Amino acid sequence: MPAVDTVSRILPTATDAPRRHLPVLLAGLVAVALAVSMWQPHDLMTWFLETVWILIGLPVIVLTWRRFPLTNLLCCLLALHALVLMVGGHYTYAQVPLGDWARDTFGLDRNPYDRLGHLMQGFVPAMLVRELLSRTSPLRGSRWLAPLTVCACLAFSALFEMFEWAAALIGGAAADDFLATQGDVWDTQWDMFCALIGATVSLLVLSRVHDRQLAAVRAQSV
């Protein structure tokens, strides 16, 4: 029986195989979608500014995977966030057709896709920050993990707003598509508030599932 147990730990089971293959499938999906989104975008510079996080993040994840594999939950969230960024980069956030439909259907004042993008800017990085802190710091299981995660997400959101500010100063009117303020003088505040809501909801909804997957990753590393 010990020999059987040893083999079962080494060979992937029917349930293990999909878990190991999922990150590869997601990486392939993101790469293909990125190429498609680059085809005749509304504005190539806007596309680049919106997708630069993918262009940097995907190679980093691939290069560090053997040393630091991510949970499948985080991989799915990152892939979903990448798709949201690519759609916004291809059309610009103010002109995404789905957002136009929502605006016209529900009588909104603006295309709401930008709000979705900033909700995702909190929702997904919350799990990324939580995973990094849980695995590389003494905060695992600490009551400080959640509030510090939210603070990190808000800090990133504020940094992104300063990035947009710099783009506006450098690009002038040419940066309007990237800013996607749509005439709202409170757009910056709304963006950070959406990130705060996204991060909070993510922690409330996904923390237990995330903890189980983190435990599985730790068991595999042992």
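Here is a short back-and-forth about the predicted model shown above.

The model is predicted, so local features need pLDDT of at least 70, side-chain atom pairs count only at pLDDT 80 or more, and totals for chains, interfaces and linings use all residues. Residues are numbered from 1 along each chain as its sequence is written, and side-chain values use heavy atoms, with hydrogens and water left out.

Me: What pattern does the protein follow along the sequence?

Reply: Helices here are DSSP runs of H or I with at least four residues, strands are runs of E with at least two, and both are numbered from the N terminus. By that count there are 9 helices and 0 strands. Read from start to end, the pattern is α-α-α-α-α-α-α-α-α.

Me: How many residues of the largest nonpolar core come from α4?

Reply: A nonpolar core is a set of buried Ala, Val, Leu, Ile, Met, Phe, Trp, Tyr and Cys residues joined through side-chain atoms within 4.5 Å. The largest one has 25 residues, and V30, I54, L77, M86 and M127 touch the most other members. Helices α2 (16–37), α3 (44–64), α4 (72–91), α6 and α9 each supply at least two residues of this core. The largest share comes from α4, with 9 residues.

Me: Which residues does L77 touch, leaving out those up to four places away in sequence?

Reply: Contact means heavy atoms within 4.5 Å. L77 is one of the core members that touch the most others. With residues up to four places away not counted, its contacts are F123, V124, M127 and L206.

Me: Among contacts between residues at least 6 apart in sequence, what share joins residues at least 24 apart?

Reply: This one takes in the whole protein, which has 222 residues. Start with contacts between residues at least 6 apart, then pick out those that join residues at least 24 apart, and the share is 74%.

Me: Is D187, the salt-bridge partner of R115, buried or exposed?

Reply: A salt bridge is a side-chain nitrogen of Lys or Arg within 4 Å of a carboxyl oxygen of Asp or Glu. R115 and D187 form one, with the closest N and O atoms 3.2 Å apart. The pair links distant parts of the chain, R115 in helix α6 (residues 113–136) and D187 in helix α9, 72 residues apart. Buried means under 20% relative accessible area, exposed over 50% and partly exposed in between (1.4 Å probe, protein chains only), so at 2% D187 counts as buried.

Me: Which residues do salt bridges with shared partners join into one network with R115 and D187?

Reply: R115 counts as buried because its relative accessibility is 15%. Salt bridges that share partners join R115 and D187 into one network with R110, D114 and D191.

Me: Where do D100 and R103 both lie?

Reply: Their side chains meet in a salt bridge (3.2 Å, N to O). D100 is at 22% relative accessibility and so counts as partly exposed, and R103 is at 25%, so that one counts as partly exposed too. The two are 3 residues apart, about one turn of the helix, and both lie in helix α5 (residues 97–106).

Me: Which helix gives the most to the nonpolar patch?

Reply: Patches are made of residues with over 30% relative accessible area and no salt bridge, where like charges are joined within 9 Å and nonpolar side chains (Val, Leu, Ile, Met, Phe, Trp, Tyr) within 5 Å. Accessible areas come from the Shrake-Rupley method with a 1.4 Å probe, and for residues only the protein chains shown count as cover. The patch members include L119, W186, W190 and F193, and the patch has about 930 Å² of accessible area together. With 6 residues, the top contributor is helix α9 (residues 187–221).

Me: How far from C75 is the nearest cysteine sulfur?

Reply: A disulfide is a pair of cysteine sulfur atoms within 2.5 Å, and the structure holds 0 of them. C75 is buried because its relative accessible area is 9%. The nearest cysteine sulfur to C75 is that of C76, at 7.0 Å.

Me: Is T92, with its positive phi, buried or exposed?

Reply: Phi of T92 is near 75°, a positive value in a residue other than glycine. T92 is found in the loop between α4 and α5. Its relative accessibility is 1%, so T92 counts as buried.
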